[in-house]
Amino acid sequence: MQRRAMFTDDFKDQPYWWEAAPPEDARDAELPRSVDVLVIGSGYTGLHAALRTARAGRSTLVLEAEALGYGASSRNGGQVSTSIKPDFAALKRKYGEQLARGIIRDAQGSLDYLQSFITEEGIDCHLNVPGRFHGAHTARQYDKLASYVATLGDGIDTEAFLVPRAEQHAELGTDAYHGGIVFPKHASVHPALYHKGLRDVVRAAGAQMISHCRVTGIDRQAPGFRVSTARGVVMARRVIVATNGYSSGLTPWHQRRVIPIGSYIIATEELPKEVMDRLVPTNRVLSDTRKLVVYYRPSPDRKRILFGGRVSLKEMNPVVTGPRLKAMMVALFPELEAVKISHSWSGYVGYTFDTLMHCGQDDGLFYAMGYCGSGVGMASYLGMKIGLQAADDPAGETAFGKIPFPTRPFYTGNPWFLAPSVMVYRLRDRFDI
């Protein structure tokens, strides 16, 4: 009973974003017998890939097991960054300076690409460039951020700047952090409206999209593939796998390399303007240095706070995960103790063993996935790149296609190791080790 009291009377266990743009039912279209390019998955990756192949004159079909946009593309927090988990020094040690710089350039390019694409295509999705405040949850983490800023230069995140604790309230109305860092180029969108606008652009380019049409088998058959679906068979010269955190036994090679991690978000009820102005005066997207990531932001109309994080391994009941997220939010903003939750939902993030995103192809079977929590920008960018590759356009080359895509012995897609890892991360966050 006490838990239910945390929710508004009109509470919904689905994404807040769906109020403006729910996933689309597009199951009535006729399944073609053959296409040049068949794309599996209707998220940002799949649609950007489909757009490039369609504009290159290839007949293109996008198949989705659920409604169009049902997955992470309409469930994410709408934060857009250039986030690459390993720093430049680590990338340089592993891959050499040239490839390391290529990875950083592509990461920065993803942000530029997304903003240019939305603007040029006229997609109304509340694109904003408020920057990101990344809070230091301990004094030691602030010192690490200071060391990071000191090493910047030569074209790598040169505009990032430190915010000491004494100036923190200009960025965020909390005393929970020990200062932080601002990345001024990071952006935000309404993810479901972005997806809706992207669907419109892809349709205008001539690609076909069919929802509720699960792919059940992919068999190589010269000169391409025989793709079995719940509604029949399609012959395709090339196939693009764009399933990311929802990859399955359909493509076991990819399933062995992507780790599905549950991520959870709540939306608060509407808050008074003076409260929003005090808590998030700059309208930035927000995150912090904890290993167990939290991410949050104002809604596009600045009436709610959307707060996300990883509060569970397998629990997908939003009535259970919602109060856990609220407790984390209240730890940052104690004055929100009495605020109720209007929406609570979850989805899967596709992680990788090297914490980098990957794309490539295997004799006509193309893929891009493993965005490690940075999927709004990177899925759009690498979707575009893999679409160009499938259309034989050399502009599709990317540094992320030049690095190996690792797995681990005995891993088949069930991340049994997450439970002990989360316990370790909680200890590391608590004791800053």
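The following paragraphs lead through a predicted model, from its overall dimensions to helix α2, a buried aspartate, the salt bridges and some less common backbone geometry.

The protein contains ten helices and 19 strands. Its C-alpha trace spans about 65 × 55 × 45 Å along the principal axes, and the radius of gyration of 21 Å agrees with the value near 22 Å that a compact globule of 433 residues would have. Of these 433 residues, 57% count as buried, and among contacts between residues at least 6 apart in sequence, 75% join residues at least 24 apart. Helix α9 (375-390) illustrates the burial, since 14 of its 16 residues are buried and it is therefore largely enclosed by the rest of the structure.

Helix α2 divides its residues between two sides. Within this helix, which covers residues 88-95, F88, L91 and Y95 are buried; they cover an arc of only 60° around the axis, and so they lie on the same side of α2. This arrangement can be read against the geometry of the helix in general: an α-helix has 3.6 residues a turn, so residues three or four places apart point the same way. The buried residues of α2 pack against α3, which runs over residues 97-121, whereas R93 and K94, on the other side of α2, are exposed. Just after α2, G96 takes a positive phi of about 90°.

Two residues of α2 also enter the surroundings of D354, which is found in the loop between β17 (341-351) and β18 (358-362). Leaving aside its neighbours within four places in sequence, D354 is in contact with P86, K94, Y95, P404 and P406. What, then, is the nearest side chain of opposite charge to this buried residue, and how far away is it? The side chain in question is that of K94, 4.8 Å away, and D354 has no salt bridge; the cut-off explains this, because a salt bridge requires a side-chain nitrogen of Lys or Arg within 4 Å of a carboxyl oxygen of Asp or Glu. D354 does have polar partners: a polar contact of 2.9 Å joins its side chain to that of H358, and a polar atom of the D354 side chain lies 3.1 Å from the backbone nitrogen of L356.

Elsewhere, charged side chains do form such pairs, and the structure holds 20 salt bridges. One of them brings together the side chains of R58 and D392, at 3.4 Å from N to O. R58 lies in the loop between α1 (44-55) and β3 (60-63) and D392 in the loop between α9 and α10 (418-431), so this pair ties together parts that are 334 residues apart in sequence. Its two members are not equally accessible by class, since R58 counts as partly exposed at 27% relative accessibility, while D392 counts as exposed at 51%.

Another salt bridge joins the side chains of R214 and E66, at 3.5 Å from N to O. This pair likewise links distant parts of the chain, with R214 in the loop between β9 (208-210) and β10 (215-221) and E66 in the loop between β3 and β4 (79-80), 148 residues apart. Here R214 counts as partly exposed at 45% relative accessibility, and E66 is also partly exposed, with a relative accessible area of 30%. E397 and K402 form a further salt bridge, in which the closest N and O atoms are 2.7 Å apart; E397 counts as exposed at 51% relative accessibility, and K402 is partly exposed at 48%. In addition, salt bridges that share partners join E24, R199 and R203 into one network.

The backbone geometry completes the picture. Most residues other than glycine have a negative phi, and most peptide bonds are trans. Against that background, D392, the residue already met as the partner of R58, has a positive phi near 65° and follows α9. R302, in the loop between β15 (294-298) and β16 (305-309), likewise has a positive phi, near 60°. The peptide bond from A222 to P223 is cis, with omega near 10°, and P223 lies in the loop between β10 and β11 (224-229).

Definitions and conventions
Residues numbered from 1 in each chain as written. Predicted model: local features only at pLDDT ≥ 70, side-chain atom pairs only at ≥ 80, totals over all residues. Heavy atoms only, no water. Helix = DSSP H or I, 4+ residues; strand = E, 2+ residues; numbered from the N terminus. Buried < 20%, exposed > 50% of the residue type's maximum accessible area, 1.4 Å probe, protein only. Lys, Arg positive; Asp, Glu negative; His and termini not counted. Polar contact = N/O pair within 3.5 Å; in protein donor to acceptor, adjacent residues only side chain to side chain. Contact = heavy atoms within 4.5 Å. Arc of directions from axis to C-beta. Rg over C-alpha atoms; globule rule 2.2 N^0.38 Å.
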